[in-house]
Amino acid sequence: MSTPSLHRLSWLKRYPLLGPLFGLLFVLGLFEIMVYVRHLYSDYPTEPWAHFFPLEPRYNFLTAYTIGLTLTQTVIVATGALGMTVIIVAGGIDLSAGSVVALASVISAAILRSGHSSWLAALAGILSAMLVGAVNGGVISGFRMMPFIVTLGMMGIARGLAKWVGDNQTVNYNFKSTEGVNILMNNPAQLGSWDVPLWVPPSGVIVLLLLTVVMSFVLNRSVFGRHVFALGSNEDTARLCGLRTRLLKVGVYVLGGLFIGLAGVFTLARLQQGDPTVATGLELEIIAAVVIGGASLTGGVGSVWGAVIGALMMTALKSGAVQMGWPSYVQEIIIGLVIVLAVGVDKIRHRGGS
Amino acid sequence: MRLRLRGIEKSFGATRALAGVDLEAHAGEVLALIGENGAGKSTLMKVISGAHSPDAGTMELDGQPFAPHQPRESSDAGIAMIYQELTLALHLTTEENLVLGREPAKLGWIDRRRRREIARAALETVNHAHLPLDVPVRELSVAERQIVEIARACASGARVIILDEPTSSLGRADVQNLFHVIAALAAKGVALIYISHFLEECREVAKRYLVLRDGRSVGGGVLKEIDDNGLIRLMVGREVSELYPQLPHTLGEPLLKVEKLAGPDSKPRGVSFAVRRGEVFGLAGLIGAGRTEILRSVFGLDQASAGSVVVAGTPLRFGRPRESLARGLGLLSENRKEEGLLLNRDLADNFTLSRLDTVASRGFVSRRRQLAASNELIKRLDVRTKSAEQAVGTLSGGNQQKVAFGRLLHQQATILLLDEPTRGIDVGAKAVLYRQMLELAQTGCAVVLVSSYLPELLGLCDTIGVMCRGELVAVRPRDQWDEHSLMTAALGRE
């Protein structure tokens with residue numbers, strides 16, 4: 001009787017990924033139109049809207065080059081978002097992600113500087129982030145503390161550690177951009193060895209794509225993944241059903257740390273130096289990407305594909321704004337609006353459902 | 001005539017929630033509103049409270065046309081709702097709650113003296129002047145909070161008070177107390193609408209009844225002139241001749257032995273009992289007697305402080321729900337919304353959560369097998385749902401409970417610890433669960449049934465134990481009990 005029937009559910013509800021995907025396409029389309037319109041009116045700089053459509057030679061937003069660039073710039077946030085999705089779906093949050101990205105990249109850089117192999121450096125960076133995750137998860141489940149508070153504390157601790165390891169300055173090392181982990185974030189064309197067009201994205205994008213496929217599978221199909229959803233949906237029920245909730249929580253933060261550490265390695269590969277002050281506020285961008293992608297901060301809902309789309313949407317907004325020549329404050333305002341809008345739209349979408 | 005509804009209809013998309021409801025509530029009288037879950041009671045309440053606007057039909061309040069567009073209009077007109085889930089601000093004091101939203105003020109500052117007067121008067125109207133005014137309401141018992149909620153309705157000048165399943169979490173003494181309050185309010189000229197599944201409660205508190213079925217009012221009149229069978233026939237549209245099916249089952253050797261089990265706060269206090277294979281073992285008692293605590297510490301959700309639990313001859317370690325599960329124990333929580341179910345996940349996840357390994361291979365869940373297992377359970381338990389992929393939270397209470405119970409079937413529990421399995425669910429769902437319990441007993445499972453509903457215990461159990469203040473005061477075969485002796489024992493007067 002009062003049970004709503006499934007076929008009355010809109011297909012947006014049945015395929016929740018479509019929402020963020022439409023959002024992304026909308027943003028891309030909008031910039032495409034705006035860039036084109038600006039081109040049309042560029043001969044009439046006295047028009048009142050000339051301020052918003054400043055002169056620029058290019059009149060196409062969706063070029064292979066900008067798409068490749070957007071993908072490259074998305075990698076760091078999206079990789080972090082893979083880990084953050086797991087944490088948020090499990091009903092947690094990790095505010096220390098930005099600091100841990102810095103810590104991981106500084107530790108990797110320090111190991112590179114001492115002459116070790118680049119892959120060992122990457123491994124060390126990732127392991128350090130997983131260790132931080134283990135501490136976060138251990139404290140949260142061991143002392144039954146709020147994830148918000150614990151990771152807020154860790155945000156400061158990890159940032160401090162990063163500065164300590166880097167002796168309060170950037171860690172520079174002698175390493176060619178064509179070697180080791182550095183290839184992750186560099187355009188294969190710039191590596192010089194292969195004959196590829198300039199727009200081909202670097203291998204980091206491929207790595208991200210593969211990891212997203214794997215994580216989507218792990219979250220949706222593995223026993224661990226279903227347990228993560230159950231934990232975030234209702235911890236008491238999870239306990240009732242015999243799940244090892246405490247261990248599970250630690251595992252969630254360790255897995256999250258793996259991706260946050262990897263984001264740190266990507267950051268290092270991009271900057272070519274370990275900067276302990278890098279990625280300040282990155283955690284909020286990551287959380288925003290996850291939430292734009294349809295996750296609920298109360299747990300039990302979320303998808304890694306959504307999170308990647310969310311990250312893409314934010315990068316597209318940024319690079320679009322740059323191409324339009326808008327000042328950075330406009331970018332900030334727009335991204336803020338989009339976060340609130342995305343979650344607001346999601347709320348309306350789910351209204352009446354339960 | 002205080003409140004009169006004529007031909008109320010309301011649809012949500014293709015679903016017709018109300019298909020013509022006539023209702024008359026008189027001042028100074030209690031009307032029992034009876035119907036299965038999903039019969040449209042809650043929608044009707046939402047129409048009266050202004051949360052929904054009806055598609056058709058009229059409402060009159062004291063002879064004046066009444067068409068509230070939002071809850072505020074309805075409460076201003078003097079209609080108050082007391083919901084199953086109480087709506088008090090737990091951190092505020094009794095006094096603050098009593099005037100919440102209607103604080104007496106001068107120039108924006110609370111008039112504290114006036115507030116106290118209003119609060120005192122409100123508690124006096126419901127004969128509970130002794131309740132503390134300066135204590136946060138979370139310190140009060142559930143029963144006391146409910147009284148505060150009713151007092152708040154009175155303080156707002158309610159002319160019609162609607163109580164939705166008010167006794168579902170109360171013990172017998174608190175229920176009696178509540179009935180006195182209701183009678184007192186009726187005597188003061190308030191019209192009350194009392195919604196409950198418990199027919200004998202309705203008879204006790206109300207004079208007239210109205211039965212809803214499939215969104216229609218199908219019958220009404222004076223309760224004295226109709227028997228329970230007649231009411232049930234109206235509710236379900238069919239005869240429930242075998243609500244408590246008599247399935248022959250033989251009792252085997254003891255499967256679960258609880259010895260001198262004790263928990264914190266003397267709940268339980270050194271309780272011993274044994275449940276045999278094929279036995280339905282009932283635990284009666286008042287709310288707070290320690291029945292829930294026994295189940296939780298046996299299962300390992302709460303830490304027992306002393307005693308032992310032996311399953312099929314081997315001791316069970318305390319505080320390890322995972323191990324208990326592996327040993328064949330299954331617990332149905334008394335609180336399906338807060339503990340029993342993942343409300344925003346689908347049926348398939350909820351059915352299979354405690355034994356995902358049975359639908360997985362090498363750590364990965366096979367959605368196909370998960371759905372197959374779920375569909376089988378949906379059929380077996382007659383769960384009313386469109387598919388196994390619907391969120392459990394969208395089902396009606398009875399169907400939610402079937403899902404929670406279905407999880408125990410999926411994990412193939414052989415010792416079922418059922419905590420108030422039929423609380424707040426409709427007759428149809430009850431019948432399904434009763435039959436399942438007895439069928440499980442037939443196959444040699446041990447069922448421990450905690451219930452505050454005595455007819456249910458007497459209708460199903462082979463053995464009934466009565467708890468009183470943390471102690472198991474008496475364990476006897478069913479035919480040596482009746483409602484009166486169970487209640488006497490539960491009150492500790494045996």
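Two strands pair if DSSP finds at least two bridges between them. With that in hand, here are some exercises on this predicted model.

**Exercise 1. Work out in which sense strand 18 and strand 21 of chain B pair, and over how many bridges.**

Solution.
- Start by locating the two elements: strand 18 of chain B spans residues 329-332, and strand 21 of chain B spans residues 415-419.
- Next, look at the direction and the bridges: the two strands run in the parallel sense, with four bridges between them.
- For one concrete pair, take Leu331(B), whose bridge partner in strand 21 is Leu417(B).

**Exercise 2. Decide whether the faces of strand 18 of chain B are covered or open.**

Solution.
- The test for "buried" is 20 or more other C-beta atoms within 10 Å of a residue's own.
- On one side of strand 18, Leu329(B) and Leu331(B) are buried.
- On the other side, Gly330(B) and Leu332(B) are buried too.
- Both faces of this strand are therefore covered, by the criterion just used.

**Exercise 3. Describe the make-up of chain A, then find how enclosed its helix 12 is.**

Solution.
- Count the elements: chain A has 14 helices and zero strands.
- Check the burial of the chain: of its 354 residues, 48% are buried.
- Turn to helix 12 of chain A, residues 282-292: ten of its eleven residues are buried, so the helix is largely enclosed by the rest of the structure.
- The buried set includes Glu283(A) and Glu285(A) as well as Leu282(A), Ile286(A) and Val290(A).
- Finish just past the helix, where Gly294(A) follows with a positive phi, near 105°.

**Exercise 4. Find which helix gives the largest share of the side of chain A that touches chain B.**

Solution.
- First size up the contact: it takes 27 residues from chain A and 42 residues from chain B.
- Two helices of chain A, helix 9 (223-233) and helix 10 (235-240), each supply at least two residues of the chain A side.
- Helix 9 gives the largest share, six residues.
- By character, this side of chain A divides into ten nonpolar, eleven polar and six charged residues.

**Exercise 5. Describe how the two domains of chain B meet.**

Solution.
- Set the bounds: domain 1 covers 3-236 and domain 2 covers 254-490.
- Taken over C-alpha atoms, their centres are 32 Å apart.
- Their contact takes 14 residues from domain 1 and 13 residues from domain 2.
- On the domain 1 side, helix 6 (172-187) and helix 8 (228-236) of chain B each supply at least two residues.
- Helix 8 has the largest share there, three residues.

Key
Residues are numbered from 1 along each chain as its sequence is written. Chains are lettered from A and ligands numbered from 1 in the order in which they are written. This is a predicted model: local features need pLDDT of at least 70, side-chain atom pairs count only at pLDDT 80 or more; totals for chains, interfaces and linings use all residues. A residue is buried if 20 or more other C-beta atoms lie within 10 Å of its own, exposed if 12 or fewer, and partly exposed in between; C-beta atoms are placed from the backbone. Two residues are in contact if their C-beta atoms, placed from the backbone, lie within 7 Å. Ala, Val, Leu, Ile, Met, Phe, Trp, Tyr, Cys and Pro count as nonpolar, Asp, Glu, Lys and Arg as charged, and the others, Gly among them, as polar. Domain bounds come from an automatic or database domain assignment.
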